[in-house]
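This report describes the surroundings of a bound ligand, two sets of annotated positions, one helix pair and a few backbone features. The sequence and the structure come first.

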Amino acid sequence: MIMIAPSILSADFTNLLKDIRDVEQANVNMLHIDVMDGHFVPNISIGIPVIKSIKKITELPLDIHLMIIKPERYIEDFINAGGNYITVHAEACLHLHRVVESIRKMGGKPSVALNPATPLSVLDYIINEIDMVLLMTVNPGFGGQSFINGMEKKIWELKNKIQKENPRVRLQVDGGINMENISDVVKAGADIIVAGSAIFESRNVKETIYKLRKKAEGI
Ligand SMILES: O=C(CO)[C@@H](O)[C@H](O)COP(=O)(O)O
C-alpha cells in the first residue's frame, strides 16, 4: 500500500485545523511537518509549540522532517512534542549513528533524509538502524518547487539498496510530487509520498488526495 503524507508547509496556517480535518477525512497515513532553522536551509518554518498543538487535535502519526543543523540538540523536545517519525539530514549530523540511536532510545522512529546531490553511500553503515529514508527530490527549504529531473533513477537505486540491505526500511519521497509525476515516482520504488502544494493549493483537498492515491496505486 502506498502511503500519503501531506506536507502542512503548504497548508493555510490561519485555518490549520480545517486543513488537518480535510486530510484526515481523505484517510492519509501521516502528517508531514517541515521544521526549518534558517541555517541548514534558507527558510524558517514550524517549531515545537505548533507541533505540540497539532498533537492535541489529531491521531495521525506526526512525521517530523528536521531541516536543522545539529538536530541532536532537539531530538528529545520533538519526541516529547509528539513526533513519531523523526527525520534528520545526513548532511546536518556530525555523528549520524549517535543521533539515530538517540531517536530510537527516546521512543521515536528514526529516519534519515538525503538532499538531491547526496550519494546513497552515506546510508551504508546506518541502513540497519533506521525505519525510513527520506529522499529529497527538490533542494529542501521551500514548498512548491519542481521535481528535479533524473531523480526517478535515484529513487530506483535506493529501492534496490533497501531491498538488498534492509527491506523493512520505508522509502519516502518528498518534493515537487503532483498528479503528473506520482505514478513514475511510485513505479521507481517510493512507499510514502509527501505532497504539499499539490494537495493544499488544490481546490478540493479531499478529492485531490483520492486522485493522487488512485494514480499512485495505478487504478
Ligand atoms: O521538505 C520540503 C521542502 O523543503 C517539502 O516537504 C515540501 O513541503 C514539499 O512541498 P511540495 O514540493 O510538495 O509543494
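By class, the residues of the shell around the ligand divide into eight nonpolar, twelve polar and two charged. The model is a predicted one. The shell has 22 residues, and those that come nearest to the ligand are Ser7, Pro140, Gly143, Gly196 and Ser197. Three elements give two or more residues to this shell: β2 (31-36), β8 (192-195) and α7 (197-200).

**Annotated positions and the glycine loop**

An unreviewed UniProt entry lists a "binding site" at Ser7, His65, Gly141, Phe142, Gly143, Gly144, Asp174, Gly175, Gly176, Gly196 and Ser197. Two of these positions, Gly143 and Gly144, are taken up here.

Gly143 belongs to the loop that runs between β6 (132-136) and α5 (151-165). Is Gly143 buried or exposed? Gly143 is buried, because 21 other C-beta atoms lie within 10 Å and the cut-off for a buried residue is 20 or more. Apart from residues up to four places away in sequence, Gly143 touches Ser7, Leu9, Ser10, Gly196 and Ser197. Ser7, Gly196 and Ser197 are, with Gly143 itself, among the residues that come nearest to the ligand.

Gly144 is also placed in the loop between β6 and α5. Gly144 has 14 other C-beta atoms within 10 Å and is therefore partly exposed. The contacts of Gly144, with residues up to four places away in sequence not counted, are Ser10 and Ser197.

**A second annotated set**

UniProt, again in an unreviewed entry, places the feature "binding site" at His32, Asp34, His65 and Asp174. These residues span 143 residues in sequence, yet no two of their C-alpha atoms are more than 10.8 Å apart, so they gather at one spot.

Asp34 is part of strand β2, one of the elements that give two or more residues to the shell around the ligand. Asp34 is buried, with 25 other C-beta atoms within 10 Å. Leaving aside neighbours within four places in sequence, Asp34 is in contact with Ser7, Leu9, Ser45, Ile46, His65 and Met67.

His65 is found in strand β3. Which residues does His65 contact, leaving aside its neighbours within four places in sequence? They are His32, Ile33, Asp34, Val35, Thr87, Ala113 and Leu134. His65 is buried, with 28 other C-beta atoms within 10 Å. His65 appears in the longer UniProt listing and again in the set with His32, Asp34 and Asp174.

The table gathers the burial of several residues discussed in this report.

| Residue | Other C-beta atoms within 10 Å | Class |
|---|---|---|
| Gly143 | 21 atoms | buried |
| Gly144 | 14 atoms | partly exposed |
| Asp34 | 25 atoms | buried |
| His65 | 28 atoms | buried |
| Ile44 | 13 atoms | partly exposed |

**Ile44 and Phe142**

Ile44 sits in the loop between β2 and α2 (48-57). With 13 other C-beta atoms within 10 Å, Ile44 is partly exposed. Its contacts, leaving aside neighbours within four places in sequence, are Met36, Asp37 and Gly38. How far apart are the C-alpha atoms of Ile44 and Phe142? They are separated by 9.5 Å, although the two residues are 98 residues apart along the chain. Phe142 is one of the positions in the longer UniProt listing.

**Packing of α1 and α8**

Two packed helices are described by the angle between their axes and the distance between the axes. For helix α1 (residues 16-25) and helix α8 (residues 205-216), the angle is about 35° and the axes are 8 Å apart. The crossing of α1 and α8 is right-handed. On the α1 side the contact is made by Asp19, Asp22, Val23 and Gln25, and on the α8 side by Val205, Lys206 and Ile209. By class, the residues of this contact are three nonpolar, one polar and three charged.

**Positive phi angles**

Most residues other than glycine have a negative phi. Asn27 is not a glycine, yet has a positive phi of about 55°. Asn27 lies in the loop between α1 and β2 and counts as exposed, with 12 C-beta neighbours inside 10 Å.

Lys70, likewise not a glycine, has a positive phi of about 50°. Lys70 is in the loop between β3 (62-67) and α3 (75-80). With 15 C-beta neighbours inside 10 Å, Lys70 counts as partly exposed.

Technical notes:
Residues are numbered from 1 along each chain as its sequence is written. This is a predicted model: local features need pLDDT of at least 70, side-chain atom pairs count only at pLDDT 80 or more; totals for chains, interfaces and linings use all residues. UniProt positions are given in the numbering used here, feature names are shortened, and annotations may be inferred rather than shown by experiment. Helices (H or I, at least four residues) and strands (E, at least two) are DSSP runs, numbered from the N terminus. Two residues are in contact if their C-beta atoms, placed from the backbone, lie within 7 Å. Axes are lines fitted to C-alpha atoms, for helices over the stretch in contact, and angles run from 0 to 180 degrees between N-to-C directions. A crossing is left-handed if the near helix is turned anticlockwise from the far one by less than a right angle, and right-handed if clockwise. Ala, Val, Leu, Ile, Met, Phe, Trp, Tyr, Cys and Pro count as nonpolar, Asp, Glu, Lys and Arg as charged, and the others, Gly among them, as polar. A residue is near a molecule or strand if its C-beta atom, placed from the backbone, lies within 6 Å of it.
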